[in-house]
Amino acid sequence: MLLYSGMKTNWKLFIAIIVFSEIGYSSMCSNNVARSSTYFIPKMSDYCSGSTPCPKFRRQVRMQGSGIMPGNKLLTYTGKKLKMGSCGTAFGASGACLIPFISVAADPRYYRMGDIIQMPSMKGKVIQLPNGRAMVHPGYFVVQDTGGAIKGRNRFDFFTGTYGANSLANSFGTRAQADMRMTDVNDCDPHKGFTVVRRGSGNYQNSLLAIEDSLRNSGNSRMVASVEKTAGGAR
Amino acid sequence: MKLPSLVLVIALAFSLTSFAEEVAAPPGAAAKDKEAPGEQIDMSEPPYWMFSYEEFHDLQQMQKDLYMEKLLPNLAKVPRLDPVSKKELEDAGEWFQSWNRIQRKVYEACQDKEMLVTCEELSDIRLEALDMLSNKKLENRKADEIEAKSKKPKKSK
């Protein structure tokens, strides 16, 4: 009775405490909902008109870690210039060439490179790729990268090619449809629900084939090589 | 029951279910559970003491070189694993069965909790090789710095 009357008088305070604690818990997301963010590689031609890196591009390179220069060279934040060969983006920690909207960085303490993250809500979504083509998303992502701040089983950093988080064209960016947004690490929306397909498990090859099909059907056959490298393993 | 109390009860119930969900599966718990002795070792699940053959195969050459260089002396610390020469390790990098044999011995040894320090060193070599090409955006570099600072006192002991 005493408790009830106390609750009655202080109910606003109680609700405030619960609301704040709820915010605290929701920022952690449950284990099968991704705590997501996005990363990208700035392309020099999107920032500079000349043939040498301009201050705006250099600033982006310092922020993002690297940037794409003409002639398929990668400029790193330390000032190194690396030849990228046939890779049009950058190599991830796995050694594979990163694929926009397919490659994802994850915590290597929880994932092997090449593990697949299945996100059913993404299946069938049309993604505008940086090369101008559109891809119907297979609903699968491949763990091909890592990052110092990407810690935990459900923490993922999605690679969006040359699209920055605030770019209008970024299908996972801050201006994307709510059910595709991946930029807010504290957003535990159900569309970020995921399961893991371990490399070498029963469903693995089929998942890779679905990714390859999506890339081929969208005219991105060049990117298939990166997936095939993962699929091969050359036993 | 008045409306504010009803709201309070509903909010409390919702809050408790969220909390239970968090407590049910703390991150990292899965990794520790796998270490129970006697269980069949599933090397596709964490903890990852070594690169799998497939992972290793995909790496860029500079990552492979660093990994091999650091792995070799550490393998000598693994009991029941016959001494592995540099040539044998390089050959294993090209042959799934040889690699898998070494990997399995390491995983078997790592079931022993007394091997934890050695196994964590082995695991760190994998992370170091991956880190060579990991994404270095500002947020990641800052996290790396913080982790490096936290490790320094440990190493000086």
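Helix α7 of chain B, residues 116-131, offers a simple check of helix geometry: at 1.5 Å a residue, its 16 residues should span 22 Å, and its end C-alpha atoms are indeed 22 Å apart, so the two values agree. This helix belongs to a predicted model. Chain B has 8 helices and 0 strands, whereas the secondary structure of chain A comes to 5 helices and 11 strands.

**Helix α7 of chain B**

- The buried residues of α7(B) are B:Thr118, B:Cys119, B:Leu122, B:Arg126, B:Ala129 and B:Leu130.
- Viewed down the axis of α7(B), these buried residues fall within an arc of 135°, and therefore they line one face of the helix.
- The face turned away from the buried side of α7(B) carries the exposed residues B:Leu116, B:Val117 and B:Glu120.
- Two helices of chain B, α4 (61-75) and α6 (96-109), are the elements against which the buried residues of α7(B) pack.

**Residue B:Ile102**

- Helix α6 of chain B contains B:Ile102.
- B:Ile102 counts as buried because 20 C-beta neighbours lie inside 10 Å, and the cut-off for a buried residue is 20 or more.
- When neighbours within four places in sequence are left aside, B:Ile102 is in contact with B:Leu81, B:Val84 and B:Ala92.
- B:Lys152 stands 50 residues from B:Ile102 along the chain, and the C-alpha atoms of the two are separated by 31 Å.

**Chain B as a whole**

- Along the sequence, the elements of chain B follow the pattern α-α-α-α-α-α-α-α.
- Chain B comprises 157 residues, of which 22% count as buried.
- Among the contacts in chain B with a separation of 6 or more, 65% are between residues 24 or more positions apart.

**Strand β9 of chain A and its partners**

- Strands of a sheet pair through backbone hydrogen bonds, in either a parallel or an antiparallel sense.
- Strand β9 of chain A, residues 140-145, is mostly covered, with 6 of its 6 residues buried.
- Strand β5 of chain A (residues 103-105) pairs with β9(A) in the parallel sense over 3 bridges, and A:Ser103 has A:Val142 as its bridge partner in β9(A).
- Strand β6 of chain A (residues 116-118) pairs with β9(A) in the antiparallel sense, also over 3 bridges; here A:Ile116 stands opposite A:Val142.
- A:Val142 thus appears in both pairings, as the bridge partner of A:Ser103 and opposite A:Ile116.

**An open sheet in chain A**

- Three strands of chain A form an open sheet in the order β2-β3-β4, with antiparallel pairing.
- The edge strands of this sheet are β2 (66-69) and β4 (81-83) of chain A, each of which pairs on one side only.
- From one strand to the next, the twist averages 30°.
- Strand β3 of chain A (residues 73-76) is joined to β4(A) by 3 bridges, and the two run antiparallel; A:Lys73 stands opposite A:Lys83 in β4(A).
- Helix α3 of chain A (residues 55-64) packs on the sheet, where it touches β2 and β3 of chain A. The direction of α3 makes about 135° with that of β2(A).

**Chain A as a whole**

- Of the 235 residues in chain A, 45% count as buried.
- Residues 24 or more positions apart account for 60% of those contacts in chain A that have a separation of 6 or more.

Methods:
Residues numbered from 1 in each chain as written. Chains lettered and ligands numbered in written order. Predicted model: local features only at pLDDT ≥ 70, side-chain atom pairs only at ≥ 80, totals over all residues. Buried ≥ 20, exposed ≤ 12 C-beta atoms within 10 Å, placed from the backbone. Helix = DSSP H or I, 4+ residues; strand = E, 2+ residues; numbered from the N terminus. Pairing = 2+ DSSP bridges. Contact = placed C-beta atoms within 7 Å. Expected span 1.5 Å × (residues − 1). Arc of directions from axis to C-beta. Axes fitted to C-alpha atoms, helices over the stretch in contact; angles between N-to-C directions.
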